[in-house]
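Open the model in your viewer and keep the selection panel at hand. Each stop below tells you what to select and what is there.

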Amino acid sequence: MSRLKIFDTTLRDGEQSPGVNLNQLEKLEIAKQLERFGVDRMEAGFPASSQGDFNAVKKIADTIQHASVTGLARAVKSDIDTAWGALKGAAEPRLHIFLATSPIHMTYKLKQTPEQVMDTAVSMVSYAKEKFPKVEWSAEDASRSDWNFLARIIEKVIDAGADVINLPDTVGYSTPQEYGELFKFVRETVPNIDQVSLSCHCHNDLGMAVANTIAAIENGATQVEGTINGIGERAGNAALEEIAVALKIRSDYYDYSTDLQLEEIKRTSDLVARLTGMNVQANKAVTGNNAFAHESGIHQDGVLKNASTYEIITPEMVGVKSNSLFLGKHSGRHAFVDKVKEMGIELSEDHIKEAFKRFKELTDHKKEVTDDDVFTLLMEVQTDTEPFNKYELEMFQVQYGTANIPTATVRLKNPEGEAVQSARTGQGSVEALYETLDELIEEDVQLVDYQLSSVGRGKDALANSHVQLLVNGEKVNGRATKQDVVESSANAFLNAVNRYIMQQVTFDSKEVVK
Ligand SMILES: CC(=O)SCCNC(=O)CCNC(=O)[C@H](O)C(C)(C)COP(=O)(O)OP(=O)(O)OC[C@H]1O[C@@H](n2cnc3c(N)ncnc32)[C@H](O)[C@@H]1OP(=O)(O)O
Ligand SMILES: CC(C)C(=O)C(=O)O
Ligand SMILES: [Mn+2]
């Protein structure tokens, strides 16, 4: 049985999903869960793209011990130097350099001849190898490249020191047979190909990312790239959990193994969905809510007689708990801690203590506490209990109705410990409140996104607010759950600003992106 290496790029290509922006804390939470999931390599970001990404990659590189942490770089020296600054502390630092090889990309985007591209690829890989023990080189848009040119450039890049060659189907254009043939061709044509790992990286524009990945594996790929829940640029990347389960369930047909812990799938998928805000569609394979639900009578009859009639994957295999504990007024600390673990979140003893206290307060208002409630509560606790100087809401009042202009009055304690107060108007209650908060907060704040949802039903329902802000040019998310819509909105806004301040205090690296 051949062992495949798993390269997760949720934190880089996954984060390129439109609308997704993870801050440093969120990236670190996901990285720790990816380590538990058992990925061999994780791409933590693109260090040269922003100071925030540099800091996040550095923190992940310094923390993760059981996976090789990598970062992306263009084939330019400054990107490589910056990536080294972020990655040099990793247990096994790795660099991922890409350069496009297709006629379309070389002509219109890079404006370079194939020979120039070849020279750049070779010189940048050998430059990277002066610092990094492991270097992966990607022929961006490989699937639309000339195969003979690909074979020539790959041979030279291997001679320059590359350890992994990746052949991405960058725009999701390939079909399984064609992509498989490309791998077969490269294996048979490039004389030194056996010196390196051969990697596949598929996008889902035509819905074939997982099928293409399997075709590559069958034709000589030894490393598989993908993301959790298949998130990523445009229609996304190949979903790693789908590939892993397909290889396992069809082990009668495929002879490949991975080190992935399949029972961590559900937890990893939920964490990524919650932190990115990209919900998993109900009918998605492996991780969708309906993946194990049987609706029609004939199917239910079959499953009752013998589950294997209609069930090829058991929920337990991917970590879906059939006996998840109901959390409510009468739940104790053990059940609560079990839920926190189930969510893949690591909290200190002090955080757990505070979270449990808040959970109990919540049960006074709400009969059933959902996973989303617990998640929001944990995120709030993480920020509120950290010992850094933050903004605290001391009092607010909003007056609005059909006959007057909505006006908010807010008093905050600022990070210097002073009470500051102001009043502003707006088109609606939340706008008036946010205008006032903006006035009181010293940082430069812009609202990017605001979402309000109700959690629970009827009188019991709580207001769950999720805001995305640009604080001093960096995107941060904030969440809050309160019974009142306006109070919840105010708290989510402050939660985002405080998360920004917290990451400046706890994460900021002295080294900067050049
Ligand atoms: C297929 C993929 O997923 S590739 C990864 C894509 N991810 C991202 O782009 C996210 C992060 N990107 C960023 O933050 C920015 O694009 C940056 C910081 C990297 C660069 O920003 P800018 O300097 O403003 O350049 P911009 O993005 O507008 O243009 C890209 C430039 O890089 C060049 N370039 C593109 N790919 C490469 C490469 N692999 N190697 C070298 N240069 C490249 C382009 O030709 C263009 O150069 P030009 O300015 O001489 O025309
Ligand atoms: C950076 C490269 C590997 C990429 O994401 C792609 O080509 O899709
Ligand atoms: Mn990609």
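The tour runs from the domains to the ligands, then to a buried helix, the cores and a loop. Keep in mind that this is a predicted model.

**Stop 1: the domains**

Colour the chain by its domain assignment: domain 1 is 2–276, domain 2 is 333–384 and domain 3 is 392–507. Now select residues 4–266. An unreviewed UniProt entry annotates this span as "domain: Pyruvate carboxyltransferase". The span is 42% helix and 18% strand, and its end C-alpha atoms lie 21 Å apart.

Move to domain 2 and domain 3. Their centres, taken over C-alpha atoms, are 22 Å apart. Here 11 residues of domain 2 are in contact with 13 residues of domain 3. Which helix gives the largest share of the domain 2 side? Select helix H14, residues 371–384: it supplies seven residues. By class, the domain 2 side that touches domain 3 has two nonpolar, four polar and five charged residues.

**Stop 2: ligand 1**

Show ligand 1 and the 15 residues around it. Ser-49, Arg-74, Ala-75, Phe-98 and Leu-99 come nearest. Next, pick out strand E5 (94–100) and helix H4 (103–110). Each gives at least two residues to the shell. Colour the shell by class and you get seven nonpolar, three polar and five charged residues.

**Stop 3: ligand 2**

Go to ligand 2. Select its surroundings: Asp-13, Leu-72, Phe-98, Ser-138, Glu-140, Asn-166, Pro-168, Thr-170, His-201 and His-203. Strand E6 (134–140) and strand E7 (164–169) are the elements that give two or more residues to this shell. The class count here is three nonpolar, five polar and two charged. Phe-98 is worth a label: it is among the residues nearest ligand 1, and it is also around ligand 2.

**Stop 4: the annotated binding site**

Select Asp-13, His-201, His-203 and Asn-237. The unreviewed UniProt entry marks these four as "binding site". They are spread over 225 residues of sequence, yet they cluster in space. The largest C-alpha distance among them is 10.4 Å. Asp-13, His-201 and His-203 also belong to the residues around ligand 2.

Centre on Asp-13. It is in the loop between strand E2 (5–8) and helix H1 (24–37). Is Asp-13 buried or exposed? It counts as buried because 23 other C-beta atoms lie within 10 Å, and the cut-off is 20 or more. Beyond its neighbours within four places in sequence, Asp-13 is in contact with Thr-227, Gly-232, Glu-233 and Asn-237.

Follow that last contact to Asn-237. This residue is found in the loop between strand E9 (223–226) and helix H9 (240–249). Asn-237 is buried too, as 32 other C-beta atoms lie within 10 Å. Leaving aside neighbours within four places in sequence, its contacts include Asp-13, His-203, Cys-202, Thr-227 and Ala-209.

**Stop 5: helix H8**

From Ala-209, select helix H8, residues 209–218. Nine of its 10 residues are buried, so the helix is largely enclosed by the rest of the structure. The buried ones are Ala-209, Val-210, Ala-211, Asn-212, Thr-213, Ile-214, Ala-215, Ala-216 and Ile-217. What do they pack against? Show E7, helix H7 (176–189), strand E8 (197–202), E9, H9 and strand E10 (256–257). Then step past the helix to Gly-220, whose phi is positive, near 110°.

**Stop 6: the nonpolar cores**

Nonpolar side chains tend to be buried together in soluble globular proteins. The largest nonpolar core here has 95 residues. Select Ile-97, Ala-121, Val-125, Val-157, Ile-165 and Ile-243, which touch the most other members. The largest share of this core, seven residues, comes from H8.

Zoom in on Val-157. Not counting residues up to four places away in sequence, it touches Ala-121, Val-122, Val-125, Trp-137, Ala-162 and Ile-165. Another core, of 26 residues, lies apart from the largest one. Its members include Tyr-391, Leu-433, Tyr-434 and Val-467.

**Stop 7: a loop to finish**

Select Thr-314, in the loop between helix H11 (297–305) and helix H12 (333–342). Thr-314 counts as partly exposed because it has 13 C-beta neighbours inside 10 Å. Add Ala-291 and draw a C-alpha to C-alpha distance. The two residues are 23 apart in sequence and 9.8 Å apart in space.

How values were computed. Residues are numbered from 1 along each chain as its sequence is written. Chains are lettered from A and ligands numbered from 1 in the order in which they are written. This is a predicted model: local features need pLDDT of at least 70, side-chain atom pairs count only at pLDDT 80 or more; totals for chains, interfaces and linings use all residues. A residue is near a molecule or strand if its C-beta atom, placed from the backbone, lies within 6 Å of it. Helices (H or I, at least four residues) and strands (E, at least two) are DSSP runs, numbered from the N terminus. Ala, Val, Leu, Ile, Met, Phe, Trp, Tyr, Cys and Pro count as nonpolar, Asp, Glu, Lys and Arg as charged, and the others, Gly among them, as polar. Domain bounds come from an automatic or database domain assignment. Two residues are in contact if their C-beta atoms, placed from the backbone, lie within 7 Å. UniProt positions are given in the numbering used here, feature names are shortened, and annotations may be inferred rather than shown by experiment. A residue is buried if 20 or more other C-beta atoms lie within 10 Å of its own, exposed if 12 or fewer, and partly exposed in between; C-beta atoms are placed from the backbone. A nonpolar core is a set of buried Ala, Val, Leu, Ile, Met, Phe, Trp, Tyr and Cys residues joined through C-beta atoms within 7 Å.
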